[in-house]
Amino acid sequence: MTNKFSSQHAVRNRTWRKALLSLPLLLVFFSGPLLGPLTPGALPSVEAHGGWYIECVDCPRLFSDMTNRRLQLDSSGHPHIAYGGDHLYHVYHDGNTWQYETVDTSTKVGSYAAIALDGSDYPHISYFDESNSALKYAYQDASGWHIETVDNEHAAGIYTSLALDASGY
């Protein structure tokens, strides 16, 4: 016997999740020891909500297929975000302002991105290339960004995740 309430609840959750994940990129964070004390107006487009601050990081850009693996904090507690859909983007806060980078300018890339930071706070990003149904990997080092195709069989890059070992690989 199917539980009617559970199945309606699951459909409602999927609908909300899909709607929320298609909104412009918003960063929500709490003022505390990780980021230091923040005051309303200290960052552009910030609204205070009981200690929480909401900031539109890259608006009005629309993107798709956000996952919980798109945000990492560096060793200074600053956020790094990977996202895309039209191209792959890396955005990070340097402690004063947001820095924006287009990592992969190919079309239809960046969905399902996952980001990890190595011991030197360089970003490593795995993501989906929709045009080629491929899993791609981009990483930054002292010489710049490097991009490679990891797998181009059977839409391998959907729901990607990424972890680095102690050596940053």
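The following exercises examine strand 9 and its surroundings in a predicted model.

**Exercise 1.** Determine which residues point each way from strand 9, and whether they are buried or exposed.

*Solution.* In a regular strand, side chains alternate between the two faces of the sheet. Along strand 9, Pro123, Ile125, Tyr127 and Asp129 point one way. His124, Ser126 and Phe128 point the other way. Residues of both groups are buried, the cut-off being under 20% relative accessible area. Because 7 of the 7 residues of strand 9 (residues 123–129) are buried, the strand is largely enclosed by the rest of the structure.

**Exercise 2.** Identify the strands that pair with strand 9, and state in which sense.

*Solution.* Begin with strand 8 (residues 109–117), which pairs with strand 9 in the antiparallel sense over 6 bridges. Within this pairing, Ser126 of strand 9 is the bridge partner of Ala114. The hairpin of strands 8 and 9 has 5 residues between the strands, and Asp121 takes a positive phi near 65° there.

Continue with strand 10 (residues 134–141), whose pairing with strand 9 is antiparallel over 6 bridges. Here Phe128 stands opposite Leu135 in strand 10. In the hairpin of strands 9 and 10, with 4 residues between the strands, Ser133 takes a positive phi near 45°.

**Exercise 3.** Establish which elements have the lowest and the highest mean pLDDT.

*Solution.* The protein chain averages a pLDDT of 76, with 64% of the residues scoring at least 70. Among its elements, helix 1 (residues 4–21) has the lowest mean, 43, and strand 11 (residues 144–151) the highest, 97. Over residues 1–43 the pLDDT is below 50, although this stretch has 66 contacts in the model beyond near neighbours in sequence. Where pLDDT is low, the predicted coordinates should not be read in detail.

Technical notes
Residues are numbered from 1 along each chain as its sequence is written. This is a predicted model: local features need pLDDT of at least 70, side-chain atom pairs count only at pLDDT 80 or more; totals for chains, interfaces and linings use all residues. Side-chain values use heavy atoms; hydrogens and water are left out. Buried means under 20% relative accessible area, exposed over 50%, partly exposed in between (1.4 Å probe, protein chains only). Helices (H or I, at least four residues) and strands (E, at least two) are DSSP runs, numbered from the N terminus. Two strands pair if DSSP finds at least two bridges between them. pLDDT is the predictor's confidence in each residue, from 0 to 100. Contact means heavy atoms within 4.5 Å.
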